[in-house]
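This report looks at the pockets, the nonpolar cores, two of the helices and some backbone features of a single protein model. Please keep the sequence and the structure in view while reading.

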Amino acid sequence: MPADTAAESLARLAAERVDHRFKGLPPDADGLTVGALAAQRRNLFTGGFATPVLALSAERLEHNLRLMETYAARHGLAFAPHGKTSMAPQLFRRQIEHGAWGITLAVPHQVRVARAFGVRRVFLANELVDAAALRWISTELDADPDFRFVCYVDSVRGVELMDAALRGAARPLDVVVELAAGEGARTGVRTEAECAAVADAVAATRTLRLAGVAGYEGEVPQADPERVTAWLRRLVALAADFDQAGRFTGLDEIVVSAGGSAWFDAVADVFAEIPELSRPVLKLLRSGAYVSHDDGHYRKLTPFNRVPEEGALEPAFRLWTQVVSRPSPEQAFVNAGKRDAAYDLDLPFAQVIRRDGAERPATGVTVTALSDQHAWLSTTPEADLEVGDWVGLGLSHPCTSFDKWQLIPVAEADGTVVDYVRTFF
């Protein structure tokens with residue numbers, strides 16, 4: 001898709017009308033375009049926003065984008081952040097503006113979203129055997145010489161299905177053999193001998209081209225630095241073995257890809273050891289949760305805890321809720337629950353309380369459970385909490401935070417809303 005068309009697609013997001021579809025936005029903004037509402041620079045706390053409302057920190061979002069851009073460049077890595085985290089084309093654009101090679105995705109619908117907004121390089125971290133989706137991607141490849149698409153293969157049967165769906169395509173589809181992270185891990189080929197059989201199956205087709213190897217170290221059983229490093233070295237050795245066997249033909253570069261959000265430091269270290277191959281190596285990192293980071297799961301798992309000299313990601317989400325019931329000194333309820341907050345890895349964390357424009361720590365307040373539209377709060381005697389107070393909650397797991405909100409205000413530290421991020425799940 002030409003750059004001007006991509007810009008037009010993004011501009012259409014600003015032209016979308018605010019209405020009942022978008023929770024948390026000011027009721028009196030109905031009928032305004034998103035761009036017009038953003039131009040008003042309303043305050044999140046005094047501008048008519050209704051609770052619950054999820055907000056992204058403008059400053060922390062920019063910090064995280066810059067940090068991972070710097071990290072990838074410092075370690076000689078190409079970066080294709082996983083777009084399934086946000087499914088937000090505006091964030092895809094910013095990630096690419098911050099040096100990303102392209103965007104990683106998982107399923108065909110996500111690729112369609114990315115293409116609709118001009119993403120020119122897509123890494124699909126899955127074997128794709130859906131015939132209708134393959135034919136659509138082939139049409140995209142044939143129509144746009146600048147479109148680069150790479151996906152996993154992890155079985156001879158998958159190769160056969162892909163080949164059957166792609167017969168007649170003008171351009172071959174680039175594939176990478178996925179090496180499984182171990183016995184009992186998620187997807188991928190279990191042994192090097194089976195990897196060679198899959199590569200042989202690819203070579204026997206005219207519709208596919210072997211472009212490299214890949215996998216996901218986050219699925220290494222009982223993952224620790226030693227096990228993860230050992231698996232990554234297997235992946236690198238597989239690439240070298242394939243290259244020595246002359247399996248990479250007609251390529252400008254060989255793709256070697258790994259990297260979730262928990263072990264990208266190990267990926268950087270091992271990929272620095274990749275030997276010289278017959279062609280340049282695209283060392284492709286795919287971490288995605290960094291864009292918003294979080295206050296729970298990834299705060300604990302981020303590799304920056306192991307390499308603090310490299311920097312630190314900052315949690316950018318806060319879910320603003322309101323106390324709607326205070327039935328006893330030990331209990332309170334706010335008006336956000338499972339429909340609004342991620343809860344698959346951790347419950348939300350009570351962080352701050354706002355009353356009459358003043359903000360203070362949520363001392364003595366703990367989220368103990370979620371109903372569909374309520375969070376259950378346990379309160380100690382030191383908790384100063386009243387009906388009507390706003391309570392800001394930190395969240396765990398970005399991937400299941402983004403997908404509950406279609407339009408997310410981006411707010412500066414003083415509450416000024418400067419943008420709105422549209423998601424497509």
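## The largest pocket

The lining of the largest pocket is made up, by class, of 10 nonpolar, 11 polar and 6 charged residues. The model is a predicted one, and in it this largest pocket holds about 590 Å³ of space. Two elements give two or more residues to the lining of the largest pocket, namely strand 4 (121–127) and helix 11 (297–301), and helix 11 provides the largest share, with 3 residues. In total 27 residues line the largest pocket, and those that lie nearest its centre are Lys 84, Arg 186, Tyr 216, Gly 260 and Tyr 298.

## The second largest pocket

For the second largest pocket the volume is about 380 Å³. Its lining consists of 21 residues, and Ser 57, Arg 318, Trp 320, Glu 412 and Ala 413 are the closest to its centre. At least two lining residues of the second largest pocket come from each of strand 1 (53–57), helix 3 (58–74), strand 10 (317–328) and strand 12 (349–355). When the residues of this lining are divided by class, 10 are nonpolar, 3 polar and 8 charged.

## Enclosed cavities

Searching the whole structure gives 3 cavities of 30 Å³ or more, and the largest cavity has a volume of about 50 Å³. The residues that line the largest cavity are Glu 178, Leu 179, Ala 180, Ala 181, Arg 186, Thr 187, Tyr 216 and Glu 219, which divide into 4 nonpolar, 1 polar and 3 charged. Arg 186 and Tyr 216 thus appear in the lining of the largest cavity and also among the residues that lie nearest the centre of the largest pocket.

## Nonpolar cores

The largest nonpolar core contains 123 residues, and Phe 123, Phe 149, Leu 173 and Phe 271 have the most contacts inside it. Helix 9 (residues 225–244) contributes the largest share of this core, 8 residues. A second core, separate from the largest, has 19 residues, including Phe 45, Val 53, Ala 55 and Trp 320; Trp 320 is also one of the residues closest to the centre of the second largest pocket.

What does Phe 149 contact once its neighbours within four places in sequence are left aside? The residues in contact with Phe 149 are then Val 111, Val 122, Leu 124, Leu 128, Ile 137, Leu 141, Leu 173 and Asp 174, and Leu 173 is itself listed with Phe 149 among the residues that have the most contacts inside the largest core.

## Helix 3 and helix 9

Helix 3, with 17 residues, reaches 24 Å from its first C-alpha to its last, which is close to the 24 Å expected at 1.5 Å a residue. Its buried residues include Ala 58, Leu 61, Asn 64, Leu 65, Leu 67, Met 68, Tyr 71 and Ala 72. Just after helix 3, Gly 76 has a positive phi of about 65 degrees.

Helix 9 has 20 residues, for which a span of 28 Å is expected at 1.5 Å a residue, and the 28 Å between its end C-alpha atoms agrees with this. The buried residues of helix 9 are Val 228, Thr 229, Trp 231, Leu 232, Leu 235, Val 236, Leu 238, Ala 239, Phe 242 and Asp 243, and they pack against strand 6 (173–178), helix 8 (192–203), strand 7 (208–214), strand 8 (254–258) and helix 10 (264–271). After helix 9 comes Gly 246, which has a positive phi near 75 degrees.

## Backbone features in loops

The loop between helix 2 (34–39) and strand 1 holds Pro 52, and the peptide bond from Thr 51 to Pro 52 is cis, with omega near -5 degrees. Arg 41 also lies in the loop between helix 2 and strand 1; although Arg 41 is not a glycine, its phi is positive, at about 50 degrees. Is Arg 41 buried or partly exposed? Arg 41 counts as partly exposed because its relative accessibility is 47%, between the limits of 20% and 50%.

His 397, in the loop between strand 16 (390–394) and helix 12 (399–402), is likewise not a glycine and has a positive phi of about 75 degrees. With a relative accessible area of 13%, His 397 is buried. Asp 130, found in the loop between strand 4 and helix 6 (131–143), is partly exposed, at a relative accessible area of 40%. Asp 130 and Pro 108 are 22 residues apart along the chain, and their C-alpha atoms are separated by 8.6 Å.

Definitions and conventions:
Residues numbered from 1 in each chain as written. Predicted model: local features only at pLDDT ≥ 70, side-chain atom pairs only at ≥ 80, totals over all residues. Heavy atoms only, no water. 1 Å grid on protein atoms, 1.4 Å probe; cavity = no way out; pocket = protein on both sides within 12 Å on 5 of 7 lines; lining within 4 Å. Points joined across faces, edges and corners; volume = space filled by probe spheres on them. Helix = DSSP H or I, 4+ residues; strand = E, 2+ residues; numbered from the N terminus. Nonpolar A, V, L, I, M, F, W, Y, C, P; charged D, E, K, R; others polar. Core = buried A, V, L, I, M, F, W, Y, C linked by side-chain atoms within 4.5 Å. Buried < 20%, exposed > 50% of the residue type's maximum accessible area, 1.4 Å probe, protein only. Contact = heavy atoms within 4.5 Å. Expected span 1.5 Å × (residues − 1).
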